[in-house]
Amino acid sequence: MKGEQLAFLVALLVIGFLSLATFTPYLEAPFTGRAIADDLVSVSVSVNAAGTLYAQQGPIAQLWVRPSEGNNWKRITQWKISKVGYNTYAYSGKLSPGMYEFAIVYPNDAQGSGQDRNLFVESLKVNDQSFALVGVNYVFDKGVGRNALDGKTMTEIDSGNLKENGALRGIFFQI
Ligand SMILES: [Ca+2]
Ligand SMILES: [Ca+2]
């Protein structure tokens with residue numbers, strides 16, 4: 001084999017390897033939402049949350065998840081935060097294994113007559129990992145209903161203090 005041919009073959013091999021390395025992540029099976037029961041694994045989630053009341057009603061905190069590929073959000077529970085002081089609100093269920101984004105949606109903001117309903121979430125715990133909702137690592141996706149998780153009007157949030165309708169998101173966890 002001539003030197004040029006050998007060099008050409010080596011180049012092809014390198015290109016082939018790099019292509020494989022680059023595209024391998026996309027070859028993983030997509031989430032279909034049709035996993036059989038045996039595939040599901042237990043997940044326990046809790047928040048430490050408090051609220052302020054309007055018309056004697058506290059905030060609602062909804063827990064939404066989506067597989068990190070795609071935009072298939074699903075509400076898995078909601079808690080009514082009726083106490084002013086911080087309390088733990090928990091959920092346990094099952095999900096297909098995979099990487100998920102977790103979001104806490106605050107859907108019932110209201111104010112008037114000197115009252116202002118707000119939701120304060122201090123931390124989110126998924127299985128054994130606790131996420132402190134302080135710092136600038138998370139995102140507030142403003143809006144009510146489907147607009148809460150539409151990826152529009154997103155701003156950085158420096159705490160879990162939700163004072164208007166929207167979703168605190170950007171927390172990823174491997175189930
Ligand atoms: Ca939005
Ligand atoms: Ca408010």
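A55 is exposed, with 10 other C-beta atoms within 10 Å. This residue of the predicted model is found in the loop between β1 and β2. Its phi is near 50 degrees, a positive value in a residue other than glycine. Q56 lies in the loop between β1 and β2 as well. There, phi is also positive, at about 65 degrees, although Q56 is not a glycine. Q56 counts as exposed because it has 7 C-beta neighbours inside 10 Å. Most residues other than glycine have a negative phi.

The protein chain as a whole contains one helix and twelve strands. The helix comes before the strands in sequence, and the pattern reads α-β-β-β-β-β-β-β-β-β-β-β-β. Of the 175 residues, 23% count as buried. Contacts were also examined by separation along the chain. Among those between residues at least 6 apart in sequence, 70% join residues at least 24 apart.

Confidence varies along the chain. The average pLDDT is 85, and 79% of the residues score at least 70. Over residues 20-28 the pLDDT falls below 50. Beyond near neighbours in sequence, this stretch makes zero contacts in the model.

The largest nonpolar core comprises 29 residues. Those with the most contacts inside this core are A61, A103, I104, V105, L119, V121 and L168. Two or more core residues come from each of β1 (41-52), β2 (60-67), β5 (99-106), β7 (115-126), β9 (134-142) and β12 (166-174). The largest share comes from β5, which gives six residues.

Strand β5 is mostly covered, with six of its eight residues buried. Its pairing involves β2 and, separately, β12. With β2, the sense is antiparallel and there are six bridges. Here R66 has E101, in β5, as its bridge partner. With β12, the sense is again antiparallel, and the bridges number seven. F102 has I171, in β12, as its bridge partner. In a regular strand the side chains alternate between the two faces of the sheet.

V105 is one of the core residues with the most contacts inside the core. Leaving out residues up to four places away in sequence, V105 touches Q62, W64, A148, L149 and A167.

The contact between V105 and Q62 leads to β2, the strand in which Q62 has its place. Q62 is partly exposed, because 17 other C-beta atoms lie within 10 Å, a count short of the 20 or more that burial requires. Aside from neighbours within four places in sequence, Q62 is in contact with R75, Q78, V105 and P107. R75 is 13 residues from Q62 in sequence. In space, the C-alpha atoms of Q62 and R75 are 7.0 Å apart.

P107 is also a contact of V144. V144 lies in the loop between β9 and β10 (154-159). Like Q62, V144 is partly exposed. Its surroundings include 14 other C-beta atoms within 10 Å. Not counting residues up to four places away in sequence, V144 touches P107 and N165. The C-alpha atoms of V144 and N165 are separated by 5.5 Å, although the two residues are 21 apart along the chain.

Strand β1 has pairings of its own. Nine bridges join β1 to strand β4 (residues 87-95), and the two run antiparallel. In this pairing, T88 of β4 is the bridge partner of N48. Eight bridges join β1 to β7, also in the antiparallel sense. V45 stands opposite V126 in β7. Both β1 and β7 are among the elements that give two or more residues to the largest nonpolar core.

Taken together, the pairings place β5 with β2 and with β12. They also place β1 with β4 and with β7. Of these strands, β5 gives the most to the core.

Methods:
Residues are numbered from 1 along each chain as its sequence is written. Chains are lettered from A and ligands numbered from 1 in the order in which they are written. This is a predicted model: local features need pLDDT of at least 70, side-chain atom pairs count only at pLDDT 80 or more; totals for chains, interfaces and linings use all residues. A nonpolar core is a set of buried Ala, Val, Leu, Ile, Met, Phe, Trp, Tyr and Cys residues joined through C-beta atoms within 7 Å. A residue is buried if 20 or more other C-beta atoms lie within 10 Å of its own, exposed if 12 or fewer, and partly exposed in between; C-beta atoms are placed from the backbone. Helices (H or I, at least four residues) and strands (E, at least two) are DSSP runs, numbered from the N terminus. Two residues are in contact if their C-beta atoms, placed from the backbone, lie within 7 Å. Two strands pair if DSSP finds at least two bridges between them. pLDDT is the predictor's confidence in each residue, from 0 to 100.
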